[in-house]
Amino acid sequence: MVFEVRQIEDDDELYRRIPPNYFKANGTLSSSAYKLNGRPDREISANLAYLTTVEKTLENRPNFGVGSLIARDPRSIGLEVVHDPIFPNNEAHSLIKGTSENAQCAELAKKTKIIKEPT
Amino acid sequence: MINILEQDVPTTASVGSFGGAESSNTRTDNPYFEKKFWFSTPFTWQRVLDYLNNNEFLQTTSVNAPSRLFLLERYMFGWSLLFNDLDSKDSLSQLIASIRGSLAEEIPVRKTAFTHEVALALYERALEILNLRDVSKSRGLTQTTALRKLDELKNLPEDWDSYGADPISPNAIAKAKSIIISAMLAFGRIIDNVVQLTDVIPIADGGVQLEWVGPHAELEIEISPNGNVGLLYISVSEDRRKYEESKDNSLQDVYTAIARLIHSQYSN
């Protein structure tokens, strides 16, 4: 059995789990929130919001924060947003694909709305 | 401040040059007259740009003697900031009176009044007054806080981001400290009033990122574990953000980017 792969609409919301160190003192996010090992993460994991909750997104990382992106935002800078469910653990899992420049990471960070601060 | 001034800064590059030819034609041996005249000289950003574009000293010494350029840029940005910040002729008059009174006590008055020492002292004093007037402008980290945060990054363990991050490299921390200290020395209080260091962020590969924000631009300085410096300059306008990225930058490139960040207050 597998999960149905859904079409992500431009208005769909995505949750991104973010380590505490990437929250800046002025209440915004660092572009590092969208990097892997210091380089733009070519496949950024996120959760499709209507298939999950903030709590589930933080599973096993309760001290992390959560940011929200609207699918339109990564798409507006040339990135792909696809549903990529992981059976059986995470039906909401999705990917923002194609990030290759620090500028794209900075733009994603700018457009991310923080919905849960780290603890 | 004084250490910078003790370097060989030729008088041809004095701030008074902004005022145009009339500045030198009307000089006298009376230092108070010169100070007064200097303050009453109309100051516009266009004059600064003209000065930057046409001054031979700036064109020829930016590589060999960067500290001179930074000192001069500091004057120029500082004065332009100052004059744009004053909201009325009254406040300008008060400022001039206050600074002139202060100078009489703080600076040995010499017949060669149009020196960098006097110019920088005037500028520092003026910024001090503005700081007192509007302390709330500052919203960035102080140098002390930034250095403390950098020291704290040494304690991050392996896998601090839970995705396999490396511990932060001592090289990156040392380079970041050097950039912060030297930038704050070079640009003085402008750093606090116009441009803020908003945070010091660890990078998962063991590097460090410094993030600066100006009035209409942002700057990310990424320092790799081996100390290489990458810059991401972001010009911000009402409807768009423009990104410029460069790798393997020198300390002078960093200064230039910060200077550009300060300039950004005139871009909108």
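Here's a walk through two protein chains, A and B, and the place where they touch. Keep in mind that this is a predicted model.

Let's start with chain A, which has 119 residues, 40% of them counted as buried. Chain A holds 3 helices and 8 strands. If you follow the sequence from its start, those elements come in the order β-β-β-β-α-β-α-β-β-α-β. You can also ask how far apart in sequence the contacting residues sit. Take the contacts in chain A between residues at least 6 apart: 76% of these bring together residues at least 24 apart in sequence.

Now over to chain B. This one runs to 268 residues, and 40% of them count as buried. Its make-up is 12 helices and 5 strands. As for contacts within chain B with a separation of 6 or more, 64% are between residues 24 or more positions apart.

So much for the chains on their own; what about the contact between them? Chain A puts in 20 residues and chain B puts in 22. On chain B's side, you'll find four strands that each give two or more residues: β1 (196-202), β2 (208-213), β4 (229-236) and β5 (241-246). Of these, β1(B) gives the most, with 4 residues. And what kinds of residues does chain B bring to the side that touches chain A? Sorted by class, there are 10 nonpolar, 8 charged and 4 polar ones.

Definitions and conventions
Residues numbered from 1 in each chain as written. Chains lettered and ligands numbered in written order. Predicted model: local features only at pLDDT ≥ 70, side-chain atom pairs only at ≥ 80, totals over all residues. Contact = placed C-beta atoms within 7 Å. Nonpolar A, V, L, I, M, F, W, Y, C, P; charged D, E, K, R; others polar. Buried ≥ 20, exposed ≤ 12 C-beta atoms within 10 Å, placed from the backbone.
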